[in-house]
Amino acid sequence: GVPDTTNTNLYWYPAQNINFELYAKDEVSGLSNVTYEVDGDGNKAGMTQGAVQAAGQPYEGFNKYTATAVTDGNDSVAHTIKVIATDKATNATADASAPVITFRVDTVKPVFSNFRYPTTPVPNSDNVSITGELTENNLASFEVITKRNGEDTPFEGTPNFIQPSNTASSTAAQRQFSYTVTAANNDGEWTVTFKATDKAGN
């Protein structure tokens, strides 16, 4: 029969080349090979066959296959990996039903710049505002880590994204942000750390 394949779709990936795996089986004649092609280029490469998944494991009875797909590193388009399994009777996965892994490449970390904050001590009756800019096309999360006098201090509130959007989920590349230490909480020496993570995990 036609081999059965199962795969996991991916989206953002932090490297030009992607390591991927899938599971395939053929219950009649057995598998002959599993191949893949990147971005529909027509060049079929073989995948490395691993062990059959034992009883009780995910994909029980399927063979595990692994490979490293090489892309051109273009981060402005989606890349695809199409997989074809062929059994020992030369039946192959139909092109229309072949599993496709879709992902995008992002190898660049978010970039902070233009921080503005007081450089000398301020009265404990004054609010302290910290502003800056963050450049990232695919922001997933934005975190503020605060310490007062060397001790972790719970962060209260949400950083204010001034432009172009008031949310961290905006896809715009550059956004200004601000964070305010209020007068009631600012007595002592403060360390404020900003951490941004994109959708590829950079």
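What volume does the largest pocket have? About 470 Å³. The model behind that value is predicted. The pocket makes a good starting point for a walk through the chain.

The lining of the largest pocket comprises 19 residues. Pro118, Val128, Gly188, Glu189 and Trp190 lie nearest its centre. By class, the lining divides into 11 nonpolar residues, six polar and two charged. Two strands, β11 (128-135) and β16, each supply at least two residues of this lining. Strand β16 gives the most, with four residues.

Now step back to the whole fold. The protein chain has 16 strands and zero helices. Of its 202 residues, 35% are buried. Its exposed surface comes to about 11,300 Å², and carbon and sulfur atoms supply 47% of that area. Consider next the contacts with a sequence separation of 6 or more. Residues 24 or more positions apart account for 66% of them.

Strand β16 returns when we turn to the rings. The structure holds 13 aromatic pairs. One of them joins Tyr179 and Phe194. Their ring centres are 6.4 Å apart, and their planes meet at 80°. Ring planes over 60 degrees apart count as edge-to-face, so this pair is edge-to-face. Where do the two partners sit? Tyr179 lies in strand β15 (residues 174-181), and Phe194 lies in strand β16 (residues 190-198). The pair therefore ties together parts that are 15 residues apart in sequence. Both Tyr179 and Phe194 are buried. They also belong to a wider group: ring pairs link Phe112, Phe115, Phe142, Phe177, Tyr179 and Phe194 into a cluster.

Strand β11, met in the pocket lining, also carries Glu133. Is Glu133 buried or exposed? Its relative accessible area is 12%. The cut-off for buried is under 20%, so Glu133 counts as buried. Which residues does Glu133 touch, leaving aside those up to four places away in sequence? They are Val111, Phe112, Ser113, Asn114, Gln174, Arg175, Gln176 and Phe177. Two of these names, Phe112 and Phe177, appear in the aromatic cluster as well. Take Arg175 on its own. Glu133 and Arg175 are 42 residues apart in sequence, yet their C-alpha atoms are 5.7 Å apart in space.

Ile84 offers another view of a strand residue. The place of Ile84 is in strand β8 (residues 79-87). At 13% relative accessibility, Ile84 counts as buried. Beyond residues up to four places away in sequence, Ile84 touches Asn33, Val34, Thr35, Ala92, Thr93 and Ala98. Ile84 and Ala24 are 60 residues apart in sequence, with a C-alpha to C-alpha distance of 9.8 Å.

Last come the loops and their backbone angles. Most residues other than glycine have a negative phi. Tyr59 has a positive phi of about 60°, although it is not a glycine. Tyr59 lies in the loop between β6 (48-52) and β7 (63-70). With a relative accessible area of 32%, Tyr59 is partly exposed. Asn149 is not a glycine either, and its phi is positive at about 55°. The place of Asn149 is in the loop between β12 (139-148) and β13 (151-153).

Methods. Residues numbered from 1 in each chain as written. Predicted model: local features only at pLDDT ≥ 70, side-chain atom pairs only at ≥ 80, totals over all residues. Heavy atoms only, no water. Buried < 20%, exposed > 50% of the residue type's maximum accessible area, 1.4 Å probe, protein only. Contact = heavy atoms within 4.5 Å. Areas by Shrake-Rupley, 256 points an atom, 1.4 Å probe, with all protein chains shown as cover. Phe/Tyr/Trp six-rings, centres within 6.5 Å; stacked < 30°, edge-to-face > 60°. 1 Å grid on protein atoms, 1.4 Å probe; cavity = no way out; pocket = protein on both sides within 12 Å on 5 of 7 lines; lining within 4 Å. Points joined across faces, edges and corners; volume = space filled by probe spheres on them. Nonpolar A, V, L, I, M, F, W, Y, C, P; charged D, E, K, R; others polar.
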